[in-house]
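Visitor: I'd like to learn how to read a few features of a protein model. Can we go through them one by one?
Guide: Sure, let's bring it up and start with the loops.

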Amino acid sequence: LSTWSAVPAGPPDPILGITEAFKADKDPRRINLGVGAYRDEDGKPYVLNAVKKAEEKISAAKLDKEYLPITGLPGFTSNAAKLAYGAASVPRNQNAIAVTQSISGTGALRIGGAFLARHYPHSKTIYVPSPTWGNHIPLFKDSGLEVKYYRYFDKKTVGLDFEGLKEDLQNAPEGSIVLLHACAHNPTGVDPTQSQWKDISDIVAEKKLFPFFDMAYQGFASGSTDRDAFAVRYFVSQGHQIALSQSFAKNMGLYGERVGAFSLTTANEEERKRVDSQLKIIVRPMYSNPPLHGAHIANTILSDPELYQEWEGEVKGMADRIINMRERLYQLLSNDFRTPGEWSHVKSQIGMFSFTGLNKEQCKVLAEKAHIYMTMDGRISMAGLNGRNIEYFAKSVDAAVR
Ligand code: PLP
């Protein structure tokens, strides 16, 4: 008998399953709207020019391959914190932000979950929005936290259920942890307004909740890294201590390089040093120290004014292309085809994804009849649409909902 004979087969990953179905479909009209990775106007993966130039500089510098410190490349972590918190951030200027490089956003969330499970002195329950990025749930459970939900999305309005959100945060036990998507909420594409963020900040203060921000899309939502950091910077300005996960997968297109950072704001430099020492104790037995190349790329871009400027233009270019696709899709559905239903949410949603409001049956019809692949919750990756396929997509949606 094999040692593993009792191991049950687990369910396939829902997103990767879509990519497989897409690959197996040989119809020339096929469209993959499942995966959350940027595609250019030709539907191709896109390597940023700023990244190519950074790699040339790194290659010319003939760097060695020595290990990084446990918490990563110091220049990178410092620049990542500057990007998120802003140059004028008070805790940053007091040397009071503990930050470690991480295996992209996922790794940052995992370090954060582990740190909170071990050192957060209050509740071990984290409230996540319903719905949220699917991986949040097993990730926080595996880190040792209990996961509960707060209301977020209103199916009727295809928008934010702000009353439900406030009520659920108000009713959460004092000291609970709350996960907030800093911008470009995945999977809904629905973000709180700046005024709603202020109300959320007030409730978090009143109920002594601990805010953990997941910022996987800084710059990718609005095209401006400053604007997308509003919630994080506002909370810090209000005196909240926060945890923050950052990813450079989307905004630098560094998906497979796995570049990210996890940080905590602390009271002062002395406290920051103690927190740093405990971050090292969490990281060391997990993977010892993080990979080198991606951190060098991100750091080269963040520390070279010319490359930084080029990068900012490219982030804006990606965000703008997606915003244009939203506008075009809205026009096609609502004006050209007069598709039944209300479609303005396609325009008002932000970031990589749109929750279309299509139901499971309609999604199935789109896959089987139109060769269009998306998750069964009706979420589409806007980046998969382009000038050549958007009309076909809109026409197929129109047929599916009639
Ligand atoms: N958080 C959210 C909300 C995401 O959508 C993603 C990626 O899809 C991540 C975190 C983590 O991505 P990565 O680990 O590739 O940085």
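Visitor: In which loop does P131 lie?
Guide: Keep in mind that this model is predicted. P131 sits in the loop that runs between β3 (125-130) and α6 (136-142). Look at the bond leading into P131: the peptide bond from S130 to P131 is cis, with omega near 0 degrees.

Visitor: And the peptide bond from N186 to P187, is it cis or trans?
Guide: That one is cis, with omega near 15 degrees. You'll find P187 in the loop between β7 (177-181) and α8 (194-206).

Visitor: What about phi, which is positive for V158?
Guide: V158 has a phi of about 50 degrees, even though V158 is not a glycine. Its place is the loop between β5 (153-154) and β6 (159-160).

Visitor: Is V158 buried or exposed?
Guide: Count C-beta neighbours inside 10 Å: V158 has 23, so V158 counts as buried, since 20 or more is the cut-off.

Visitor: And S288, buried or exposed?
Guide: S288 is exposed, because 10 other C-beta atoms lie within 10 Å and the cut-off is 12 or fewer. S288 also has a positive phi, near 70 degrees, and isn't a glycine. Look for S288 in the loop between α11 (269-287) and α12 (293-303).

Visitor: How many residues surround the ligand?
Guide: There are 13, and the closest are S104, G105, T106, A216 and S247. Helix α5 (residues 104-119) gives the most to this shell, with three residues. By type, the shell has four nonpolar residues, eight polar and one charged.

Terms used. Residues are numbered from 1 along each chain as its sequence is written. This is a predicted model: local features need pLDDT of at least 70, side-chain atom pairs count only at pLDDT 80 or more; totals for chains, interfaces and linings use all residues. A residue is near a molecule or strand if its C-beta atom, placed from the backbone, lies within 6 Å of it. Helices (H or I, at least four residues) and strands (E, at least two) are DSSP runs, numbered from the N terminus. Ala, Val, Leu, Ile, Met, Phe, Trp, Tyr, Cys and Pro count as nonpolar, Asp, Glu, Lys and Arg as charged, and the others, Gly among them, as polar.
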